[in-house]
Amino acid sequence: MTFTTAQLLTTLAQFPKSTRFWVAYSGGLDSTVLLHAMAACRESLQVDITAVHVDHGLQAQSQVWQQHCQKNSAQLNIPLTSVRVEVDRQSGKGIEAAARAARYQAFASLMQAGDAICLAQHQDDQAETLMLQLLRGTGVAGLAAMPISKPFAGGTLLRPLLQHSRGELLAYAEQFDLNWIEDPSNEQITFDRNYLRHEVMPVVKLRWPSADRSMARTAAHLAEANTLLQEVAAQDWQTVIAGGPEQLFPDQLCISALKTLSLSRQRNLIRHWIHRLNHAPLPDTKRLQQIFDEVIAAAQDCEPCVQWQGLAVRRYRQRLYLTARELVSGKGGDWDLRQALTLSELNVRLVVEASVENGLDPSLAGQDGMRIAFRQGGEVCCPAGRGGQHHDLRKLFQEWGVPPWQRPRVPLLYVGNKIAAVIGFCVCEGFGPKLQGNGIGIKIEDLSRHGIAR
């Protein structure tokens with residue numbers, strides 16, 4: 001197979017029409033071919049095309065490279081946006097991964113709804129990625145390697161060259177006499193990918209000349225298998241998700257329902273649950289097994305916890321919760337209900353809603369002496385509808401199924417020295433509306449990106 005602009009148009013036609021194409025342009029062979037081909041397709045695409053060059057600040061020649069990209073883009077009559085990023089060398093992920101994270105963050109900062117960012121990764125890259133994932137012992141999702149398309153920053157990330165080999169791209173570049181940069185770091189075999197590229201794959205291809213094509217095909221099969229696994233997980237999700245006070249504890253898992261599934265489906269669902277709520281790196285095999293051995297298998301009166309990379313899976317009674325690794329308590333402050341109150345330490349906002357069936361008396365809005373506080377111990381309150389009896393807040397939390405680690409984080413609305421509402425749970429006697437349906441409610445809005453309690 002050769003690479004042509006007609007094939008590029010055919011590939012791009014598979015995806016929903018974008019409002020603008022960004023082309024990631026490093027100045028190397030692959031991205032030079034992609035930018036040139038996109039420019040050749042511009043009239044057919046009828047969409048604005050902009051090149052984006054990311055300077056990682058890792059090479060002494062980076063300014064020369066940026067100038068090269070600027071010149072080539074101008075010759076193609078394509079505007080170029082250059083972004084300088086800071087690579088976190090102390091991330092613990094390695095310089096390659098840290099640079100990639102910084103680069104994708106730069107791409108995301110430019111994207112608007114409906115945009116697409118086109119990357120120049122090709123078939124050889126896909127084979128190398130599959131090999132790296134195999135050596136890391138990753139699962140099906142990792143072995144699916146790089147998808148040709150995925151949602152990204154309100155738009156789409158596309159890899160339209162993924163079915164073409166580097167040899168095909170080189171032939172295209174020579175045909176059109178293109179100029180590109182050779183990054184000297186690509187020759188450093190201290191990097192895993194470069195070692196595979198220069199030391200391993202050439203030997204493999206001596207025996208199996210089409211290895212890169214076959215491995216890319218395997219990645220495509222695994223991507224399809226991963227899609228099926230996600231569909232199964234989405235179906236299982238509906239049977240295992242637990243109800244409860246969703247404002248405070250979204251998407252709990254019911255352990256008894258989870259255990260009705262096969263072990264393979266349990267593992268699949270746990271991965272789906274964590275990815276669905278957080279989109280962060282999943283726990284490794286050891287941590288995932290700990291979730292089963294130490295959390296799911298624990299006695300009902302235990303409160304076990306497995307932690308990794310800033311996250312934690314915790315258990316309370318028959319439910320699993322995904323939270324931040326370190327949980328902070330609320331601080332509170334004065335609040336007169338006339339405007340929303342942000343509790344930055346909890347990453348939530350309290351918003352007043354009018355005309356609710358059961359709520360607070362609207363005359364409270366604007367009164368002096370109201371404040372938000374959090375449990376310190378020993379509090380009592382009198383929930384409406386319980387005959388005027390006072391109850392220990394600790395026992396109410398037990399009755400409502402609030403996990404111990406969450407109790408210091410439940411906002412309490414005080415009027416003077418009395419609790420008027422345990423927000424998310426009850427309004428107290430004497431603070432309800434005089435007229436039915438004329439109350440005001442307080443909604444807890446999550447301000448975090450993924451809904452993980454912190």
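**Exercise 1. In this predicted model, find the cysteine sulfur closest to that of C382, and decide how many disulfides the whole structure holds.**

Step 1. Start at C382. Its closest cysteine sulfur sits in C428, 6.9 Å away. A disulfide needs the two sulfurs within 2.5 Å, so that pair is too far apart for a bond.

Step 2. Now try C69. Here the closest cysteine sulfur belongs to C118, at 16 Å, again too far for a bond.

Step 3. Check how covered these two cysteines are. C382 is buried, with a relative accessible area of 9%, and C69 is buried too, at 0%.

Step 4. Widen the search to the whole structure: the tally is zero disulfides.

**Exercise 2. Work out which residues of α8 are buried, and where they sit around the helix axis.**

Step 1. Helix α8 covers residues 166-175, and its buried residues are E168, L169, Y172 and A173.

Step 2. Look at how they are arranged. They span an arc of only 140° around the axis, and that places them on the same side of α8. Here's the background: an α-helix has 3.6 residues a turn, so residues three or four places apart point the same way.

Step 3. Ask what that buried side touches. Its residues pack against α1 (5-12) and α2 (29-40).

Step 4. Flip to the face turned away from the buried side, and you meet the exposed residues E174 and Q175.

Step 5. Walk off the end of the helix. Just after α8, D177 has a positive phi of about 55°.

**Exercise 3. Decide whether the faces of β10 are covered or open, then trace the strands that pair with it.**

Step 1. Count burial first. β10 runs over residues 311-316, and six of its six residues are buried.

Step 2. Sort them by face. In a regular strand the side chains alternate between the two faces of the sheet. On one side of β10 you get L311, V313 and R315, on the other A312, R314 and Y316, and they are all buried, so both faces are covered.

Step 3. Go to one partner. β9 (residues 305-308) runs antiparallel to β10 and is joined to it by four bridges, with Q307 standing opposite A312.

Step 4. Check the turn between them. β9 and β10 make a hairpin with two residues in between, and Q309 in that turn has a positive phi of about 40°.

Step 5. Go to the other partner. β11 (residues 319-324) pairs with β10 over six bridges, in the antiparallel sense, and Y316 has R319 as its bridge partner.

Step 6. This connection is a hairpin as well, with two residues between β10 and β11; R317 in the turn has a positive phi of about 55°.

**Exercise 4. Give the strand order of the five-stranded open sheet and pick out its edge strands.**

Step 1. The order is β12-β15-β18-β19-β20, with antiparallel pairing.

Step 2. Look for strands that pair on one side only: those are β12 (333-334) and β20 (426-427), the edges.

Step 3. Zoom in on the β12 end. β12 and β15 (residues 370-373) pair over two bridges, and D334 has R371 as its bridge partner.

**Exercise 5. Show which residues are linked in a network of salt bridges, and which helices they belong to.**

Step 1. Side chains of opposite charge can pair when their charged atoms come close. The count of salt bridges here comes to eleven.

Step 2. Take D125 and R197, which form a salt bridge at 3.5 Å, N to O. D125 is in α6 (residues 123-136) and R197 is in α9, 72 residues away along the chain.

Step 3. Compare their exposure: D125 is buried at 9% relative accessibility, while R197 is partly exposed at 27%.

Step 4. Take E128 and R193, whose closest N and O atoms are 3.3 Å apart in a salt bridge. E128 lies in α6 and R193 in α9, so this pair ties together parts 65 residues apart in sequence. E128 is buried at 5%, and R193 is partly exposed at 22%.

Step 5. Put it together: D125, E128, R193 and R197 are linked in a network of salt bridges.

Note on methods: Residues numbered from 1 in each chain as written. Predicted model: local features only at pLDDT ≥ 70, side-chain atom pairs only at ≥ 80, totals over all residues. Heavy atoms only, no water. Buried < 20%, exposed > 50% of the residue type's maximum accessible area, 1.4 Å probe, protein only. Pairing = 2+ DSSP bridges. Arc of directions from axis to C-beta. Contact = heavy atoms within 4.5 Å. Salt bridge = Lys/Arg side-chain N within 4 Å of Asp/Glu carboxyl O.
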